[in-house]
Amino acid sequence: KLPRSLSLMVARFLACLTALIAPALALHPARLAPRPLPCLMCVPAGFEEAWPQLLEIVDEEAADLALAVDDVAFARGKLSVLASGGVDDLVALNRRLSERLDDWEANAAVELPPYMLEVASPGVSDVLRSDADYAAFKGFGVQATLTEEYKKRTVHEGTLLGRDGEHVLLNLKGRVLKLPRELVAEVRLPSAKREKGDPY
């Protein structure tokens, strides 16, 4: 049995490897199946009508730059777009999205809540964002922070079971907790701790 800290390092390496492979796949965006749109229950408050079209805009602009979009999320006034690519590519995507979204709001009579656009690379982080992250770290302890209270708490800690279209699933001492995705601000791995007997 591998020490827990070493297992965490291996899982992070696999997640990083996935992020490195994604840009190569993005060289042929037309061959990729479109990223499924989220269910209505997962749409952030204030974006109920605009969210599906907003995701299409993000995918279109990213595809023009041969980038793969890993995740799009809105929390605490920040519209975050995570895409696999270099710094210059991400700056270009940020600029194109800013212009496209401004035109969209002005010409399509769309009212979006106030937001700050942030385009970044997923990289290697303690925060789980993509479906690949949730698959790689299934079975690990995580901390889920919510935008509002659920079950009388805004922070829940447990073992990650996965994520579906509507919920983030945690195991709390044998009990399954289903956190509504629209309330989840972030799901984070604990900081790696050195344990007795670890070789590193």
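## Valine 91, a run of paired strands and a negative patch

Valine 91 is partly exposed, as its relative accessible area of 49% falls between the 20% and 50% limits that separate buried from exposed residues. The model described here is predicted, and in it valine 91 belongs to helix H3, which covers residues 87-107. Glutamate 118 is 27 residues away from valine 91 in sequence, while the C-alpha atoms of valine 91 and glutamate 118 are 9.9 Å apart in space.

The next region concerns strands E5, E6 and E7. Strand E5 spans residues 141-150 and strand E6 spans residues 153-163, and E6 pairs in turn with strand E7, made of residues 167-172. The two pairings are set out below.

| Strand pair | Sense | Bridges | Citation |
|---|---|---|---|
| E5 and E6 | antiparallel | six bridges | |
| E6 and E7 | antiparallel | four bridges | |

Within the first of these pairings, alanine 144 stands opposite histidine 156 in E6, and the hairpin formed by E5 and E6 leaves two residues between the strands, with lysine 151 in the turn having a positive phi of about 60 degrees. In the pairing of E6 with E7, arginine 163 stands opposite valine 168 of E7, and these two strands form a hairpin with three residues between them.

Glutamate 149, which lies in strand E5, counts as exposed because its relative accessibility is 56%, above the 50% cut-off. Glu149 also contributes to a negative surface patch, whose other members are Glu148, Asp164, Glu166 and Glu182.

Conventions. Residues numbered from 1 in each chain as written. Predicted model: local features only at pLDDT ≥ 70, side-chain atom pairs only at ≥ 80, totals over all residues. Heavy atoms only, no water. Buried < 20%, exposed > 50% of the residue type's maximum accessible area, 1.4 Å probe, protein only. Pairing = 2+ DSSP bridges. Patch = residues over 30% accessible without salt bridge, like charges linked within 9 Å, V, L, I, M, F, W, Y side chains within 5 Å. Areas by Shrake-Rupley, 256 points an atom, 1.4 Å probe, with all protein chains shown as cover. Salt bridge = Lys/Arg side-chain N within 4 Å of Asp/Glu carboxyl O. Lys, Arg positive; Asp, Glu negative; His and termini not counted. Charge placed at Lys NZ, Arg CZ, Asp CG, Glu CD.
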